[in-house]
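Biologist: Could you take me slowly through the place where the two chains meet, and then show me how that place fits into the rest of the model? I am new to this, so please go step by step.

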Amino acid sequence: MPSKEDHFSIIEHNHDVLKHLTQPVCSNYTDWCVTIIFYMALHFIHAYLAKDDNHPSSHADLQNIIPKDLNLKPLYHKYKHLADDSRKARYDGTMLTVYEMRSQHLSWFKDIQTHVHTLVRTDSSNKYDLYPLFPLS
Amino acid sequence: MQMLTSHSSSDNSYKIRSFGNKDYTDQLIDPFIEMMWFQYSLGNQMLYINRSELSVDTLLASIMKYDPPNKSQWLETNSFWESESMILVGSDLTQAVVISAPRVVPYLRYVEGSKNLSVSPENYYTYKVSKFNNIEAIVFNELDNVKCFKAILSKRDLEVRDKIYDIELEMFEQYPDQKYYFIVDYITKSNELDSLVKNKKVLYLKPSIHAI
């Protein structure tokens, strides 16, 4: 099963894909950007769970773990917002504006990232700053 | 609405009458319907709960526990009906229907929180979520012992989504032994709702109003 480090490697890989998709115009693929950001957040949560050898195998499994873990429960709303918008993007191709992404999805992701870094005690408090990838212009 | 038949409780502390009109009778006794909401012209709401989940005695006992004013009115037959709060049993004695005026709702909220009142997760979720703005429908299915709920909104509404997520967290607390999968979706095209509810168990569908 993936270790905490494995999940961080996946996050790095997803970030590379996100950088690719947001060039030259960040608004062209907001459906997939929302999905990638959701999966980056998901792998942060998985990284926290992996330290206790906990490896949920489905979205349903993870959804049932988060509310019952006192450390993860504060992330439930932000995680659900990302999950529901990602699902809408994947199944219906729903696009969002860059403004919405900056004010909502990047904020939710940042909070999840910061919170998990606190839990797993890594040195980088905000390793992935996604805002430069979605400039308002 | 018309009064149809009367039944008496075993201890004679209250009488229960079945209630309905020609339009609703079949739905009242339909054993497959667990919950429905009807908006009457007077603004009263009817909550329909399957009798197997709700004991009328338990409901009354739960209300009495909070020492409501005019307690005797809840137990006396005639004034019970006149208080605009009624507990009704369907003619086949399988369903209990509670009609509540707004002033009774605080007591029903206490009842909802009562550990003595057994309400299914489906009813709990539907009762709570259907009251929010922009809710078009709630659909449900169960797969591999996972109860899957999907709330369908008329638009992407983050404020309502946050409220629904609050209810989802309540579900995990109220029914800790149950496993769930929650989705909140929204409509982006006309006629999309039909495809979203088709072949699904519909727990709630926003009633439409047709001008005459």
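Modeller: Across the interface of chain A and chain B, in what is a predicted model, the rule finds eight salt bridges. One of them is formed by B:Lys179 with A:Asp61, where the closest N and O atoms are 2.4 Å apart. Polar contacts can be counted across the interface of chain A and chain B as well, and there the rule finds 21 residue pairs, both residues of each pair being at pLDDT 80 or more. On the side of chain A that touches chain B, H3, H4 and helix H5 (98-120) each supply at least two residues, and the largest share, nine residues, comes from H4 of chain A. Sorted by kind, the residues of that side of chain A divide into five nonpolar, eight polar and 10 charged.

The extent of the interface can be described in two ways. Counted by residues, 23 of chain A are in contact with 23 of chain B. The other way is by area, and the size of an interface is often given as the accessible area lost when the parts come together. Chain A and chain B bury about 2,100 Å² between them, and 47% of that lies on carbon and sulfur atoms. Of the area that chain A buries against chain B, A:His77, A:His81 and A:Lys88 supply 25%, which is more than any other three residues.

A:Lys88 deserves a closer look. Its side chain meets that of B:Asp185 in a salt bridge, at 2.8 Å from N to O. This pair crosses between chains, running from strand S9 (residues 179-186) of chain B, where B:Asp185 lies, to helix H4 of chain A, where A:Lys88 lies. Is A:Lys88 buried or exposed? A residue counts as buried when its relative accessible area is under 20%, and A:Lys88, at 4% relative accessibility, therefore counts as buried. B:Asp185 counts as buried too, because its relative accessibility is 5%.

Within chain A, the side chain of A:Lys88 also meets that of A:Asp92 in a salt bridge, at 2.7 Å from N to O. Both A:Lys88 and A:Asp92 lie in helix H4 of chain A, four residues apart, which is about one turn of the helix. A:Asp92, however, has a relative accessible area of 34%, so this residue is partly exposed.

On the other side, B:Asp185 has a partner within chain B, for B:Lys150 forms a salt bridge with B:Asp185 in which the closest N and O atoms are 3.9 Å apart. Because B:Lys150 lies in strand S8 (residues 146-153) of chain B and B:Asp185 in strand S9 of chain B, the pair ties together parts that are 35 residues apart in sequence. B:Lys150 counts as buried as well, at 13% relative accessibility. Salt bridges that share partners join A:Lys88, A:Asp92, B:Lys150, B:Asp185 and B:Glu192 into one network. As a background to this network, a search of the whole structure finds 19 salt bridges over all chains.

Strand S8 of chain B also holds B:Phe149, which is buried, with a relative accessible area of 1%. Leaving aside its neighbours within four places in sequence, B:Phe149 is in contact with several residues, among them B:Pro121, B:Tyr125, B:Val139, B:Met171, B:Tyr181, B:Ile183 and B:Leu203. The C-alpha atoms of B:Phe149 and B:Glu168, which are 19 residues apart along the chain, are separated by 9.6 Å.

Returning to chain A, we can look at a charged residue without a salt bridge. A:Asp69 lies in the loop between helix H3 (59-65) and helix H4 (76-92) of chain A. A:Asp69 is buried yet has no salt bridge, and the nearest side chain of opposite charge, that of A:Lys51, is 6.9 Å away. A polar contact of 3.1 Å does join the side chains of A:Asp69 and A:Tyr48, and, not counting residues up to four places away in sequence, A:Asp69 touches A:Tyr48 and A:Leu49.

Finally, chain A as a whole has five helices and zero strands, so that the helices just named can be placed within the pattern α-α-α-α-α along its sequence. Of the 137 residues of chain A, 53% count as buried. Among contacts in chain A between residues at least 6 apart in sequence, 70% join residues at least 24 apart.

Conventions: Residues are numbered from 1 along each chain as its sequence is written. Chains are lettered from A and ligands numbered from 1 in the order in which they are written. Side-chain values use heavy atoms; hydrogens and water are left out. Buried means under 20% relative accessible area, exposed over 50%, partly exposed in between (1.4 Å probe, protein chains only). Lys and Arg count as positive and Asp and Glu as negative; His and the chain ends are not counted. A salt bridge is a side-chain nitrogen of Lys or Arg within 4 Å of a carboxyl oxygen of Asp or Glu. A polar contact is a pair of N or O atoms within 3.5 Å; within protein, one must be able to donate a hydrogen and the other to accept it, and residues adjacent in sequence count only if both atoms are side-chain atoms. Contact means heavy atoms within 4.5 Å. Buried area is the accessible area (1.4 Å probe) that two parts lose on being put together, summed over both. Ala, Val, Leu, Ile, Met, Phe, Trp, Tyr, Cys and Pro count as nonpolar, Asp, Glu, Lys and Arg as charged, and the others, Gly among them, as polar.
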